Amino acid sequence: MVTENDVQHIADLADVGIGGEELGTFTHQFNAILEYFDILDRVEGSGEVTRDLYNILREDEVEPSLSQEEVLRNAPATEDGFIKAPRVM
Amino acid sequence: MAGTITFEPEDRYNAFLTHGKNVSHGSGKLAGVAVAIKDNITTKDIETTCASKILKGYVPPYDAHVIGLLKAEGAAIVGKTNMDEFGMGSSTENSAFGPTLNPCDTSRVPGGSSGGSAAAVAAGMVRMALGSDTGGSIRCPASFCGIVGLKPSYGRVSRYGLIAYSNSLEQIGPLGKTTTDVSTLMSVIAGYDRHDTTSQNKPYNHTPDAKIKGLKIGIPQEYFGKGVDPQVGDVVKRAIGRLEELGATTVPCSIPSMEYALAAYYVTCTCEASSNLARFDGVRYGPAPDTKKPWHDAYTEVRSAAFGTEVRRRIMLGTFALSSGYYGKYYAKAQVARANVRADFNRIFKDVDVIAGPTMPTVAFRLKEKSDPLSMYLADILTVPANLAGIPAISVPCGKSEGMPVGLQIMGRMFEDERIVDVAYAYEQAVS
């Protein structure tokens with residue numbers, strides 16, 4: 001069982017916000033979904049899955065790319081050719 | 001011949017989010033053919049929103065690889081179609097711009113998440129369309145709207161420019177009224193692309209062939225069991241009977257991992273979504289965050305206002321499942337489950353050439369009928385196994401139940417997309 005506090009904590013971690021009546025509804029729905037996920041407890045074995053898959057990587061070569069103007073075109077706030085973001089510190 | 005087509009559809013179903021009026025095109029295999037594009041596929045200079053407010057106004061500066069291929073063959077990219085926000089849903093009701101209606105019955109959903117693409121084809125507004133399929137998002141609306149839809153083998157079609165929701169599961173694929181159209185569109189979009197690290201060098205150059213004499217078809221008991229509407233099951237069984245009349249033989253089989261496949265799917269896709277959708281914060285595109293506020297506050301403001309409920313729910317589920325103390329219980333187990341699904345298919349495909357069953361457990365449900373998220377998730381039970389295994393799967397219309405279309409799903413061995421197209425084509429030819 002997850003509590004409303006747990007759901008609030010997850011919403012904070014994910015920066016998606018939650019509040020008011022929504023918290024109760026989400027918690028209720030979360031528990032129903034997680035209860036359904038419990039069926040995975042019947043799966044035997046841990047996470048060590050052997051796969052016949054491998055990474056395909058290429059050389060990091062410099063190629064023609066988008067212009068600065070094109071890259072900035074969708075940014076809501078720019079300054080001196082840079083994108084403005086909220087302060088992190 | 002290159003030229004311009006006029007595109008003025010009467011869009012009574014809210015299939016399109018954006019469309020052009022006079023659309024130019026080049027020459028080639030698809031010269032002048034109107035093709036609609038799901039709105040999570042990046043189109044240069046055409047607004048691309050994923051049906052989300054967080055991308056409202058976003059005009060990409062580049063084309064997805066598949067769009068370049070379509071243009072090179074002369075297709076007219078006429079518009080962008082409605083969808084469940086970021087592909088998260090099975091009804092196209094989770095669009096920030098209103099639901100798409102099913103052209104067969106406007107009180108019902110068209111399926112999802114590629115509901116706009118399916119409705120546009122079913123209503124005759126375009127001859128073909130691109131969708132994307134993470135857990136059934138091409139096959140579900142194809143089934144509900146009575147058209148053909150193909151989820152290609154994972155890696156056959158480049159995902160470069162497909163706005164990511166769940167990378168390890170999703171593929172771009174074609175929708176059309178006929179298997180021939182779907183096959184033609186597949187031949188244009190398949191092939192190697194160095195910009196997608198999961199791309200395979202497996203081009204598709206195939207003309208559908210209706211000869212299926214001697215074909216062995218596996219019939220999994222789980223596809224006709226609990227949760228599947230018996231009337232839908234009967235329609236599909238009759239369709240399989242037609243394939244037998246054409247010389248195919250059927251073999252009963254079982255996919256025991258179906259028991260937990262849906263849970264494995266939802267754990268995997270929500271985990272991947274929680275990571276993928278972290279990029280939407282309004283900084284490089286989207287609604288502006290308040291740059292004066294601390295970043296958690298600023299991003300939370302943007303994301304809580306601009307993401308829909310289902311998107312926030314899935315981000316939170318994924319965040320939870322990946323969090324310390326729960327990873328082993330959810331994500332790690334889901335990956336073992338996924339390997340078991342793949343092993344089940346490998347075992348069955350040693351004895352049979354293709355597997356057949358219903359695409360969806362029911363016909364199209366009514367708008368707002370599935371308000372509980374878990375009940376909506378359960379609708380994907382028959383489509384997610386193919387995504388977990390990476391194998392190709394096609395849905396072809398095979399009759400009606402309650403007056404609504406039913407889809408026959410045919411799944412094939414990895415990279416044997418051609419064979420399932422042939423089976424769908426054989427059925428289509430036999431009944432037309």
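How do helix 5 of chain B and helix 12 of chain B stand to each other, roughly perpendicular or roughly parallel? The first view takes that up, and the others move on through this predicted model.

**View 1. Helix 5 and helix 12 of chain B cross at roughly 95 degrees.**
The axes of helix 5 (residues 230-245) and helix 12 (residues 417-431) of chain B come within 10 Å. With angles of 65 to 115 degrees counted as roughly perpendicular, helix 5 of chain B and helix 12 of chain B are therefore roughly perpendicular to each other. On the helix 5 side, look for Ala239(B), Arg242(B) and Leu243(B). Helix 12 of chain B answers with Val423(B), Ala426(B), Tyr427(B), Ala430(B) and Val431(B). Sorted by class, this contact has 7 nonpolar residues, no polar ones and 1 charged.

**View 2. An open sheet of 11 strands runs through chain B.**
Reading across the sheet, the strand order is 2-5-4-6-8-7-12-13-11-9-10, and the pairing is mixed. Strand 2 (16-19) and strand 10 (249-253) of chain B sit at the edges with a single partner strand each, so one side of each has no neighbour in the sheet. On average, neighbouring strands here are turned by 30 degrees against each other, direction ignored.

**View 3. Strand 5 of chain B pairs with strand 2 and with strand 4.**
Strand 5 (76-81) of chain B is mostly covered, with 6 of its 6 residues buried. It runs antiparallel to strand 2 of chain B, and 3 bridges join the two. For a landmark on that side, find His19(B), whose bridge partner in strand 5 is Gly79(B). With strand 4 of chain B, strand 5 of chain B pairs in the parallel sense over 5 bridges. Here Val35(B) has Ile77(B) as its bridge partner in strand 5.

**View 4. Strand 4 of chain B also pairs with strand 6, and helix 1 lies across both.**
Strand 4 (residues 34-38) and strand 6 (residues 128-133) of chain B run parallel, joined by 3 bridges. Ala36(B) finds its bridge partner in strand 6 at Ala129(B). Helix 1 (residues 65-72) of chain B lies across strand 4, strand 5, strand 6 and strand 8 (171-176) of chain B. Against strand 5 of chain B, helix 1 of chain B runs at about 145 degrees.

**View 5. Val35(B) is among the residues with the most contacts inside the largest nonpolar core.**
That core has 148 residues, and Val267(B) shares the top billing with Val35(B) for contacts inside it. Helix 6 (residues 258-276) of chain B gives the most to this core, with 11 residues. Zoom in on Val35(B), and the residues it touches, leaving out those up to four places away in sequence, include Leu30(B), Leu70(B), Ala75(B), Val78(B), Val126(B), Met128(B) and Leu130(B). In soluble globular proteins, nonpolar side chains tend to be buried together.

**View 6. Chain A meets chain B.**
The contact takes 36 residues from chain A and 50 residues from chain B. On the chain A side, the elements that give two or more residues are helix 1 (4-13) and helix 2 (21-37). Helix 2 of chain A provides the largest share of that side, 6 residues. By class, the chain A side divides into 23 nonpolar, 6 polar and 7 charged residues.

**View 7. Helix 1 of chain A packs on helix 8 of chain B.**
Their axes are 9 Å apart, at an angle of about 100 degrees, and the two helices are therefore roughly perpendicular to each other. Ile10(A), Ala11(A) and Leu13(A) meet Met316(B), Thr319(B) and Phe320(B). This helix pair brings together 5 nonpolar residues, 1 polar and no charged ones.

**View 8. Three backbone oddities sit in loops.**
Most residues other than glycine have a negative phi, and most peptide bonds are trans. The bond from Gly112(B) to Ser113(B) is cis, with omega near 10 degrees; Ser113(B) lies in the loop between strand 5 and helix 2 (115-122) of chain B. Asp80(A) has a positive phi, near 50 degrees, in the loop between strand 1 (78-79) and strand 2 (82-83) of chain A. With 5 C-beta neighbours inside 10 Å, Asp80(A) counts as exposed. Asp45(B) has phi near 65 degrees, also positive, and lies in the loop between strand 4 and helix 1 of chain B. Asp45(B) counts as exposed too, with 10 C-beta neighbours inside 10 Å.

Methods: Residues numbered from 1 in each chain as written. Chains lettered and ligands numbered in written order. Predicted model: local features only at pLDDT ≥ 70, side-chain atom pairs only at ≥ 80, totals over all residues. Pairing = 2+ DSSP bridges. Helix = DSSP H or I, 4+ residues; strand = E, 2+ residues; numbered from the N terminus. Axes fitted to C-alpha atoms, helices over the stretch in contact; angles between N-to-C directions. Contact = placed C-beta atoms within 7 Å. Core = buried A, V, L, I, M, F, W, Y, C linked by C-beta atoms within 7 Å. Buried ≥ 20, exposed ≤ 12 C-beta atoms within 10 Å, placed from the backbone. Nonpolar A, V, L, I, M, F, W, Y, C, P; charged D, E, K, R; others polar. Parallel < 35°, antiparallel > 145°, perpendicular 65-115°, else oblique.
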